[in-house]
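This report describes the open and enclosed spaces of one protein model and the ligand it holds. The sequence and structure come first.

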Amino acid sequence: FGKNIFYYDEAGSSNDIAKKLAPTAEEGTIVVVEQQTGGRGRLGRQWASPKGGIWFSTILKPRIALSAASRLTLTFGLSVAKTMRQYGFDAKIKWPNDVLVNGKKVTGILTEVEAEIDTVEFVVIGIGINANMSLKDIPEDLRENSTTLRDEGGKSIDRVEFLQKLLFEMEQEYIRFSTRPFNEIMDEIIALSDTIGKEVTVNMPNRIVEGTVVGISKTGALLLKKADGEIEEIIAGRCMYAKK
Ligand code: BTN
């Protein structure tokens with residue numbers, strides 16, 4: 001990963017650039033943008049991307065079915081959490097696409113897939129890390145329950161070194177993803193999961209469910225125990241923790 005790097009001082013969204021390059025790009029090509037003017041989050045939301053963060057996208061061409069693409073998001077969430085742990089941060093994974101430090105969001109992942117019927121042509125994994133910046137660099141309405149590595153660690157990190165370590169972790173994890181049963185990766189994700197045991201509300205396109213997270217299935221779906229005791233398996237959705 002990162003053998004081919006496209007770097008921009010300023011651009012709209014690294015995911016959009018990566019999607020344009022993807023048909024002809026080699027697998028593992030990355031697009032890094034110092035400052036995004038149109039950073040995108042999941043579900044059509046904006047993603048604040050001032051200078052000082054790590055905003056990049058990776059182009060992949062996995063031989064998987066469309067339904068397996070969300071597992072890649074979890075896999076790379078694990079890579080981000082493991083890299084942060086090397087720096088001493090207490091990083092955990094919040095299903096399905098966030099990494100938290102001290103219970104607050106430092107990273108979001110936006111996975112976009114181009115598929116022909118059920119065959120994946122390419123996947124763009126966009127990773128946004130709030131690194132050398134402070135929460136006040138993020139507009140108030142986009143802060144949610146976020147934080148930054150500098151706010152949590154009290155100092156800046158070497159972003160180039162961090163990205164090198166992260167790309168190494170991602171490559172290792174991707175090789176494992178492609179060659180081993182997914183439950184090996186899943187066991188590590190479960191061990192670093194912040195979501196198990198939490199009371200949550202999950203928003204899906206046409207309904208909302210509430211319950212307690214009792215686990216994550218071997219395929220990466222959320223297992224939610226509802227008030228009536230039934231356990232529902234949720235493959236995709238927006239997960240919010242209940243306010244205490
Ligand atoms: C989310 O939590 O909603 C996902 C945020 C993903 C942000 C990253 S930053 C790099 C890449 N380019 C984008 O426009 N978005 C992703």
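## Pocket, cavity and ligand

The largest pocket has a volume of about 540 Å³. On a 1 Å grid over the protein atoms alone, a pocket is an open set of points with protein on both sides within 12 Å along at least five of seven lines, whereas a cavity is a set of points where a 1.4 Å probe fits but cannot get out; lining residues have an atom within 4 Å of a point. Grid points are joined across faces, edges and corners, and a volume is the space filled by probe spheres set on the points.

This is a predicted model, in which local features need pLDDT of at least 70 and side-chain atom pairs count only at pLDDT 80 or more, while totals for chains, interfaces and linings use all residues. Residues are numbered from 1 along each chain as its sequence is written, and side-chain values use heavy atoms, with hydrogens and water left out.

The lining of the largest pocket is made of 23 residues, and K94, N145, C239, M240 and Y241 lie nearest its centre. Strand 5 (98-101), strand 6 and strand 12 (238-241) each give two or more residues to this lining. Strand 12 has the largest share, four residues. Helices (H or I, at least four residues) and strands (E, at least two) are DSSP runs, numbered from the N terminus.

A search of the whole structure finds one cavity of 30 Å³ or more. The volume of the largest cavity is about 320 Å³. Its lining has 28 residues, of which R40, G41, Q46, W47 and G108 lie nearest the centre. Strand 6 gives the most to the lining of this cavity, with four residues.

The space taken by the ligand is the largest cavity; a molecule sits in a cavity or pocket if more than half of its atoms lie within 2 Å of its grid points. Helix 1 (14-21), strand 3 (54-60), strand 6 (104-116) and strand 7 (119-129) each give two or more residues to the shell around the ligand. The ligand is surrounded by 21 residues, and the closest are S13, Q36, R40, R42 and K105. A residue counts as near if one of its heavy atoms lies within 4 Å.

Three of the contacts with oxygen atoms of the ligand involve S13, R40 and R42. A polar contact is a pair of N or O atoms within 3.5 Å. For S13 the N or O atom is in the side chain, 2.7 Å from a ligand oxygen. For R40 a backbone N or O atom lies 2.7 Å from a ligand oxygen, and for R42 a backbone N or O atom also lies at 2.7 Å. Taken alone the ligand exposes 420 Å², and the protein buries 99% of that; accessible areas come from the Shrake-Rupley method with a 1.4 Å probe.

The table gives the residue classes.

| Place | Nonpolar | Polar | Charged |
|---|---|---|---|
| Shell around the ligand | five residues | 11 residues | five residues |
| Lining of the largest cavity | nine residues | 13 residues | six residues |
| Lining of the largest pocket | seven residues | four residues | 12 residues |

Ala, Val, Leu, Ile, Met, Phe, Trp, Tyr, Cys and Pro count as nonpolar, Asp, Glu, Lys and Arg as charged, and the others, Gly among them, as polar.

Two backbone details remain. A cis peptide bond, with omega about 0 degrees, joins W95 and P96, and P96 is in the loop between strand 4 (91-94) and strand 5. N102 is not a glycine but has a positive phi of about 50 degrees; N102 is in the loop between strand 5 and strand 6. Most residues other than glycine have a negative phi, and most peptide bonds are trans.

Technical notes: Polar contact = N/O pair within 3.5 Å; in protein donor to acceptor, adjacent residues only side chain to side chain.
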